[in-house]
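Colleague: Please take me closely through one part of this model, the surroundings of the ligand. I would like the contacts, the elements that supply them and the backbone details worth checking.

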Amino acid sequence: MGMDRIAGTAVIDGKRFAAELLEDIKLRVESARQRTGKVPGLAVVLVGSDPASAVYVGSKHRQTVAAGMHSFKYELATDTGQAELMALIGRLNVDPDVHGILVQLPLPAHLDAAAVIQEINPDKDVDGFHISNAGRLSTGQPALVPCTPLGCLMLLKDRLGQSLSGLHAVIIGKSNIVGKPMAQLLLAENCTVTIAHSRTKNTPALCRAADILVVAVGRPGLVRGDWIKPGAVVIDVGINRIEVDGKSRIVGDVAFEEAGHAAAITPVPGGVGPMTIACLLSNTLTAFCRLNAISAD
Ligand SMILES: Nc1nc2c(c(=O)[nH]1)N[C@@H](CN(C=O)c1ccc(C(=O)N[C@@H](CCC(=O)O)C(=O)O)cc1)CN2
């Protein structure tokens, strides 16, 4: 995978990696279609009018179609009730043309997001958020894995070679959709894993010992340059929208311009974000193949 450099640091081109992955997925979708006569279908449910969510759902729809899959988009009003949303999921669970289901997060505050996630058939849970998939991941069983951590792992393995064994990985953030599954994935790679969070007292010191640093907090520029161990690989999951000179831009959780002594770092935008969507399509193909009892190759 191609990488540019800032000073001595390689910039990990997640956008390019994701594009290459999507080309591979497109070929595998066509192979699956030839073998089964069916096309993988992804259902995306958007509730409300959050602008960022609308951008991401639009991108998921376009890339699903570009990969040769069927995309089913459901746009529900902000005041949609819990029962109505649960009923839609129930219909999608048994729809033979739907192999992947996701409900875009965050949901409006009146909705019980945990219950919504639990309503999804685990075999169609292409976000990998269902308790069944989270439990399978934590116990080393085959599971649908959350898209962002899966994409981060792909970038790390591409950068560090296929073995991460023995490396010290520090993850800042303990969310169910990134931090916790990221820790499980790196533990499965035989990393020594530390999870730091808002109550951790010595986060900068922990980071300075990290060979791999994954930051998933949602605070712009939280990680300063002197938190980064020389030669470390930094994965910035942050997507923070800020105003600079009256213009809106997206920045990560790491002070990118201070990370010159890292061996490599993902940019924001153009790093982890595109991998999230590529891994969603990979998960949808995986779910399709399992539901149709064929190999994913
Ligand atoms: N049901 C889910 N909801 C959310 C998830 C998820 O995995 N499943 N993750 C995030 C949002 N997200 C996907 O939904 C996502 C975020 C960012 C990107 C991305 O490509 N970002 C670009 C910049 C795009 C922009 O201009 O904002 C980049 O980083 O280069 C893709 C998907 C929360 N919700």
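Modeller: Start with Asp127. In this predicted model, an N or O atom in the Asp127 side chain lies 2.7 Å from a nitrogen atom of the ligand. Two backbone contacts go to ligand oxygen. A polar backbone atom of Gly273 is 3.5 Å from an oxygen atom of the ligand. For Pro274, a polar backbone atom is likewise 3.5 Å from a ligand oxygen. On its own, the ligand has 690 Å² of accessible area, and the protein covers 82% of that. The ligand sits in the largest pocket.

Now the shell. It holds 17 residues around the ligand. Lys60, Val103, Gln104, Asp127 and Gly270 are the closest. By type, ten residues of the shell are nonpolar, four are polar and three are charged.

Which elements each supply at least two residues of the shell? They are helix H2 (51–66), strand S5 (100–103) and helix H9 (272–291). H9 gives the largest share, four residues.

Next, set this against the record. An unreviewed UniProt entry places the domain "Tetrahydrofolate dehydrogenase/cyclohydrolase catalytic" at residues 12–127. In the model, that span is 50% helix and 16% strand. Its end C-alpha atoms lie 24 Å apart. The unreviewed entry also places a domain, "Tetrahydrofolate dehydrogenase/cyclohydrolase NAD(P)-binding", at residues 146–289. Here the span is 33% helix and 21% strand. The end C-alpha atoms of residues 146–289 lie 18 Å apart.

Then look at the backbone. Most peptide bonds are trans. Leu105 and Pro106, however, are joined by a cis peptide bond, with omega about 0°. Pro106 lies in the loop between S5 and helix H4 (113–119). S5 is also one of the elements that supply at least two shell residues. A cis bond also joins Val268 and Pro269, and omega there is about 0°. Pro269 is in the loop between strand S12 (264–265) and H9. H9 is the helix with the largest share of the shell.

One more backbone detail concerns phi. Most residues other than glycine have a negative phi. Asp245 has a positive one, near 55°. Asp245 lies in the loop between strand S10 (240–244) and strand S11 (247–251).

For your own viewing, begin at Asp127 and its 2.7 Å contact. Go on to Gly273 and Pro274. Finish with the cis bonds at Leu105 and Pro106 and at Val268 and Pro269.

Methods
Residues numbered from 1 in each chain as written. Predicted model: local features only at pLDDT ≥ 70, side-chain atom pairs only at ≥ 80, totals over all residues. Heavy atoms only, no water. UniProt positions renumbered as here; feature names shortened; annotations may be inferred. Near = heavy atom within 4 Å. Polar contact = N/O pair within 3.5 Å; in protein donor to acceptor, adjacent residues only side chain to side chain. Areas by Shrake-Rupley, 256 points an atom, 1.4 Å probe, with all protein chains shown as cover. 1 Å grid on protein atoms, 1.4 Å probe; cavity = no way out; pocket = protein on both sides within 12 Å on 5 of 7 lines; lining within 4 Å. Sits in = over half its atoms within 2 Å of the grid points. Nonpolar A, V, L, I, M, F, W, Y, C, P; charged D, E, K, R; others polar.
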